[in-house]
Amino acid sequence: MGGRIMAKIMIVDDSLLSRISLRMILKGNGHEISCECENGVEACDKYFELRPDIVTMDITMPVMDGIQALKNIIDKDNDARIIMISALGQEEFILEALNNGAVNYITKPFEPEQIIDAINEIFCMAD
Amino acid sequence: MKFSAWQIKFREIKNMQENIGKLVQSVPTFTAADVGMTIYTYFEENIHSEGIVVLDIDTPVGLIMRNDFYQKIGKQYGFTLFIRRSITLIMNKDLLIVDSMMDTVDASIMAMNRAQENMYDFIIVTENGKYAGVVSIKLFIYELSKKREKEIELLKEQQETLLHSNEMERQHVLEMKEINYELNLRNESVKNLMDNAGQGFLSFDTDLIISNEYSIECTRIFQTDIKGLNFMNLISGFLLRTDIRVIESVLQSLFKVLDKRKDKIYLSLLPKELNIKERIVKFEYKSIGDSENRRIMLILTDITDKKILELKMQEQRKELKLILKAISNKSDFIAAIEDYKDFFGEKCYEILGSNIGKKEIISEIFRVIHTFKGDFSYLCLFNTSSQMHQIEDTILKFTEDIDSISMASIHEYFEELDYLGMMESDLKIIYDTIGPDYLKSDRTYPIREEMIVELEKKIMEVQDTNVCEELLHMVRKLRHMNVKDILAQYNDSIRILSEKLGKKVADIHFIGDDIYIDKNKYRNVIKTLVHIFRNAIDHGIETSEERVLIGKPDCGNIYCSLKDLQNETFVLSIRDDGKGVSREAIINKAIEKKMIDESKVSMLSKKEITDIIFKDDFSTSKTVTVTSGRGAGLAAVKSEVLKLGGDIYIESEPGQYTEFFIQLPVLD
């Protein structure tokens, strides 16, 4: 468990179960949760207030969905690192998200390793 | 910095890909000043030499392969024509030069794309633009076949674990071995190699037209000659319409986006398996070439037989997982099923009847069903989850025809949904195994010892060792006590204490995994947790009046979340929605107590500040109260946690919450 990357991560998901599970996985791997949001509007506000290193963004949410939130954030911060959390069968949305600046995606239900790998990959890509 | 150290490490891992540089050999080099005779003498004296390279200082300008050389000088007048003149006349100037960092597979494609007569010419490798050596196609084929051997090894391992592994499968391995042996024969061409590997290889670039180099297996898989066909036309017959659209856009994006690092992510959106002519075919994709000359290579493998076996095993595993999940996460189960019945029985009609507009109504309902889908799959109710997926599909169709569809017909659709029936197959598994009353009561359900033995027996039948271990582990936990039940015993003292302090605090809310522990081994830690609960009520949660004034519900809450980290540790977090920990107050107190030096305060990190509260004799309360003592309690918690090899830390947002995270090892 020696030296590991510590990232400030923001969780955006309307499902409590998903949020808890993400929080536990991330904290358990030494990351810091800068905040948890339940919809896209909250996410946009909090993003610019807290400037997390990474955002995990659910696609289907009330008030404002994850795709719109992604667009709003990328629009003002091109370097934002956003990982989309999607369900099976949402390939079209994933594609739209990737084309609009998402760095990666994870399909629900996820395994802890998938989350950790996706985050490590971001550091790997960051050159 | 930590960050960059890791970046370097990842880069190293990335570089471990197989580069062509690994296969480089050195062969003699000559210059334009040398004559045919020199080469002739060299080849005569070195009968094993395959060929030589002609250099201009360190730039490769030509290649003379032995066979080619003898062919040329063997022709009429050939010997006299070439033997005394510069070797530039006889050398091959059309070279395949690649950088040593190039991926082996990419290089193989390029080598394969050469004309038939040049197929066996060396690949010339340069490093930083300078000549570094050559790769012999002989060696190359040998290396490729070694890789193949590794894959076969893996396949073999897998097969040994498959329950119903039969003659056919074993024969398959033998066939593969035979093929492998053949591959070692040096006269095989790369094309032949691909044909014999039993896999389909094909590639295309931005126009999606399949190039002429493809292996015979492709023809067998598609049962048609695929030469010159458009890739989309070839596969669209085996896809749903929505999938076609996705694949088309993925391919478009892929050829448009110049960032090659994103290729892998885009490629992962393409179908990984397709049913083609009643066979299940695995699709693997590789992006080759640079950003301007991008090609996509496809590797197709017929995995029908393997798949059928896997499916059978998977069904068994799914059932076991569901049973164990039902036993270990009972409360989540009951809550989810309740929510589900509540929604389809009532709530959905409230939404349908609301006046937020047709589009909003549909998307609201979609969202709820989508959440059910995710939650059910988390709870291993896989059949119900896939039913939710089907409802989603129908709702998506509603959205497509939003203008023509009437509210009445949407209403009708939901009324006719047999939502109870949708759960039946999953629930039947639970009822049949655990008992028909299992989900009826919210409290603990006695599990008969025989049932555990029965389950253990069933699990032993699963031959996949990893899955087996995982399931066994879950069963053994049944003999232990649920941490949630252990902590629920604190509810009485929470009620008494909050009453005493004139505060309103709800019973503990439990969230997350059910973790079963041997209570005795954690006795001391559990005892000291009382300090955290006391702290939450005494210092964290405000009085009802205070809470109402700042817009919080009058009743305070304590949440205990549990997460099994799968690596022999679990995390317990205890969170209250009170006023949080003020860092300023901690600092002031610590200075007052002479625990820290005022001049060093600015150097402390957030964590270092909050960690002070775990030190002996520290209390953030203005008055030392009877209930919370002098704050030494938190130090006691920490010391007990550390004794077990765990760790504790605190997080807090002033005005919002305080949360303790306690990481503990699983002690069996």
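**Exercise 1.** In this predicted model, find which side chains B:Asp514 joins through polar contacts, and decide whether B:Asp514 is buried or exposed.

*Solution.* Begin with the side chain of B:Asn482, which is joined to that of B:Asp514 by a polar contact of 2.8 Å. Next, turn to B:Lys484, whose side chain has a polar contact of 3.0 Å with the side chain of B:Asp514. Then locate B:Asp514 along the chain, where it sits in the loop between β12 (509–512) and β13 (516–517) of chain B. A further step sets sequence beside space: B:Met481 lies 33 residues from B:Asp514 in sequence, while their C-alpha atoms are 9.4 Å apart. Finally, the relative accessibility of B:Asp514 is 5%, and because the cut-off for buried is under 20%, B:Asp514 counts as buried.

**Exercise 2.** Describe the fold of chain A by the number and order of its elements, and then state what share of its residues count as buried.

*Solution.* Counting the elements of chain A gives 5 helices and 5 strands. Reading them from the N terminus on, one obtains the order β-α-β-α-β-α-β-α-β-α. For burial, take the 127 residues of chain A, of which 60% count as buried. For the contacts within chain A, consider those between residues at least 6 apart in sequence, and of these 62% join residues at least 24 apart. Last comes the surface, where chain A exposes about 4,800 Å², with carbon and sulfur atoms supplying 47% of that area.

**Exercise 3.** Characterise the interface of chain A and chain B, starting from how many residues are in contact and ending with which element of chain A gives the most.

*Solution.* First, 41 residues of chain A are in contact with 39 residues of chain B. The size of an interface is often given as the accessible area lost when the parts come together. Here the area buried between the two chains is about 3,800 Å², and carbon and sulfur atoms give 64% of it. Next, the rule finds 5 salt bridges across this interface, including the one between A:Arg23 and B:Glu659, whose closest N and O atoms are 3.6 Å apart. The rule also finds 9 residue pairs in polar contact across the interface, with both residues at pLDDT 80 or more. On the side of chain A that touches chain B, at least two residues each come from α1 (16–28), α4 (91–99), β5 (104–107) and α5 (112–125). Of the elements of chain A, α1(A) gives the most to this side, with 8 residues. As a last step, sort the residues on this side of chain A by type, which yields 21 nonpolar, 11 polar and 9 charged.

Definitions and conventions. Residues numbered from 1 in each chain as written. Chains lettered and ligands numbered in written order. Predicted model: local features only at pLDDT ≥ 70, side-chain atom pairs only at ≥ 80, totals over all residues. Heavy atoms only, no water. Contact = heavy atoms within 4.5 Å. Buried area = accessible area lost by both parts, 1.4 Å probe. Salt bridge = Lys/Arg side-chain N within 4 Å of Asp/Glu carboxyl O. Polar contact = N/O pair within 3.5 Å; in protein donor to acceptor, adjacent residues only side chain to side chain. Helix = DSSP H or I, 4+ residues; strand = E, 2+ residues; numbered from the N terminus. Nonpolar A, V, L, I, M, F, W, Y, C, P; charged D, E, K, R; others polar. Buried < 20%, exposed > 50% of the residue type's maximum accessible area, 1.4 Å probe, protein only. Areas by Shrake-Rupley, 256 points an atom, 1.4 Å probe, with all protein chains shown as cover.
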